[in-house]
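User: Hello! I would like a close look at one part of this model, with enough of its surroundings to place it.
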Amino acid sequence: MPRERLVRPLDYAMLKQLQNTIRKHRLFSPGQHVLVAVSGGADSVALLRMLCEQKRELGIRLTVAHLNHGIRGKPAAGDAQFVRRLARRLKVPVVIGQARVPALARKEGLSLEMAARRARYDFLVRTAARVRATVVATAHTADDQAETVLLKLIRGAGPKGLAGISYEAARQSVRIVRPMLDLTRTEIVAFLRERGETWREDETNEDESFQRNRVRHRILPLLEKELNPKVRFALRRTADILREEAQWLDALATTQLAKCRMRTGALDLVPLRKQDLALRRRVLRLWLVAAGVPAERVDFDVTDRIERSLAPAAGKTVPVAGPWIVERRYQTLVVRRANLATARAYRKTVKIPGKTIVTEA
């Protein structure tokens with residue numbers, strides 16, 4: 001008679017928390033095909049392992065997706081091979097993709113981190129369509145949430161930015177869910193060690209030239225030591241509170257946007273100017289995203305520039321992000337992509353030390 005696997009207290013607590021998160025936020029439905037993003041790191045390996053153990057109870061089936069970003073050479077090829085073997089051992093189908101992130105970053109004028117994020121999500125959306133998965137699961141953790149909120153706070157984000165990483169988001173027609181957002185990295189590593197599971201370490205995670213790594217390895221430990229031992233929990237709680245309030249405010253802004261948006265897609269300034277400033281900024285953000293401007297590029301500075309352009313003496317053209325610009329035409333606002341081939345040359349004096357905003361770019 002086969003022996004049953006011994007379930008340790010940590011196993012039970014983590015699986016129970018995973019189930020609670022999935023149930024509370026309705027992340028999966030029975031019969032769904034879930035594409036699991038697996039980099040090979042501890043977080044994504046734990047996500048795959050836990051979903052494999054819970055797939056019968058959840059009524060889901062799984063496929064693994066892994067993207068080689070084209071940044072790290074041989075180590076990245078080793079990651080792909082590790083994920084392929086892991087999926088084979090767990091008897092889960094796997095799709096391996098390849099991207100050229102440095103080239104994308106140069107072409108689109110993005111940071112390496114932003115270009116990698118875009119390439120990763122584009123790959124996941126394409127792969128989901130290819131394998132007919134309706135939901136993508138990523139391995140964001142409670143630690144990722146705390147780091148994100150702190151980074152947003154340092155950069156001066158509003159309530160939407162401070163809401164951090166959401167449990168669910170949409171990219172084109174695909175739902176992106178984060179089932180491990182209530183689990184800490186310490187819990188995840190302990191879980192894997194109890195199971196004797198291995199994972200890959202990405203050496204770039206130790207590179208403190210990346211801002212997130214400095215927050216992870218220096219700033220958060222310092223805050224825990226000097227100010228609040230539970231600062232990670234406090235940041236996550238802040239995100240939860242602000243996320244709920246941001247959803248409520250977005251519902252109000254969506255109603256107001258419908259009153260301001262014309263059939264052509266332009267924004268009517270007459271009803272827009274009657275709204276309170278905070279609501280007006282949120283309406284502008286929703287309008288830009290609906291027009292196709294990437295949501296991650298629509299920050300406070302963008303909406304503030306547009307807001308200031310509404311003054312009588314302000315300029316009629318406002319650069320938004322990349323090729324996107326907003327034009328004021330009498331009592332309307334229009335958003336469109338500029339023809340970069342006809343862009344004029346410009347010159348800026350760089351402040352050292354200091355910050356120089358190159359609005360022409």
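User: How many bridges join E1 to strand E2, and do they run parallel or antiparallel?

Analyst: Happy to take you through it. Five bridges join E1 to strand E2 (residues 61-68), and the two strands run parallel. Strands here are DSSP runs of E with at least two residues, helices are runs of H or I with at least four, and both are numbered from the N terminus. Two strands count as paired if DSSP finds at least two bridges between them. One pair of opposite residues is valine 34 and leucine 62, the latter in E2. As background, strands of a sheet pair through backbone hydrogen bonds, either parallel or antiparallel.

Before going further, a word on the source: this is a predicted model, in which local features need pLDDT of at least 70 and side-chain atom pairs count only at pLDDT 80 or more, while totals for chains, interfaces and linings use all residues. Residues are numbered from 1 along each chain as its sequence is written, and side-chain values use heavy atoms, with hydrogens and water left out.

Now to E1 itself. Strand E1 covers residues 33-37, and five of its five residues are buried, so the strand is largely enclosed by the rest of the structure. Buried means under 20% relative accessible area, exposed means over 50%, and partly exposed lies in between (1.4 Å probe, protein chains only). In a regular strand the side chains alternate between the two faces of the sheet. In E1, His33, Leu35 and Ala37 point one way, Val34 and Val36 point the other way, and all of them are buried.

Leu35 leads us on to strand E4 (residues 135-137), where valine 136 is found. Leaving aside residues up to four places away in sequence, valine 136 touches Leu35, Leu124, Ala128, Val174, Arg175, Ile176 and Val177; a contact means heavy atoms within 4.5 Å. Valine 136 counts as buried because its relative accessibility is 0%. Its C-alpha atom is separated by 14 Å from that of proline 93, which is 43 residues away along the chain.

A helix residue makes a useful companion. Leucine 15 sits in helix H1 (residues 9-25), and with a relative accessible area of 8% it is buried. Its contacts, again not counting residues up to four places away in sequence, are Met50, Glu53, Gln54 and Arg195. For glutamine 54, the C-alpha to C-alpha distance from leucine 15 is 8.2 Å, with their positions 39 residues apart in sequence.

For a contrast in pairing, look at the open sheet of four strands, ordered E7-E10-E9-E8 with antiparallel pairing. Strand E7 (267-268) and strand E8 (317-321) are at its edges with a single partner strand each, so one side of each has no neighbour in the sheet. E8 is joined to strand E9 (residues 324-329) by four bridges, and the two run antiparallel. Threonine 317 has glutamate 327 in E9 as its bridge partner. The hairpin of E8 and E9 has two residues between the strands, and glycine 322 takes a positive phi near 60° there.

Positive phi values also turn up in two residues that are not glycine. Tyrosine 330 has a phi of about 55° and lies in the loop between E9 and strand E10 (332-337); at 79% relative accessibility it counts as exposed. Lysine 91, with phi near 60°, is found in the loop between helix H3 (74-89) and strand E3 (94-98). Lysine 91 is exposed too, at a relative accessible area of 72%.

Finally, the wider setting. The protein has 13 helices and 10 strands, and 43% of its 361 residues count as buried. Its radius of gyration is 23 Å, which agrees with the value near 21 Å for a compact globule of 361 residues; the radius is taken over C-alpha atoms, and the globule rule is 2.2 Å times the number of residues to the power 0.38. Along the principal axes, the C-alpha trace spans about 85 × 50 × 40 Å. Of the contacts between residues at least 6 apart in sequence, 66% join residues at least 24 apart.
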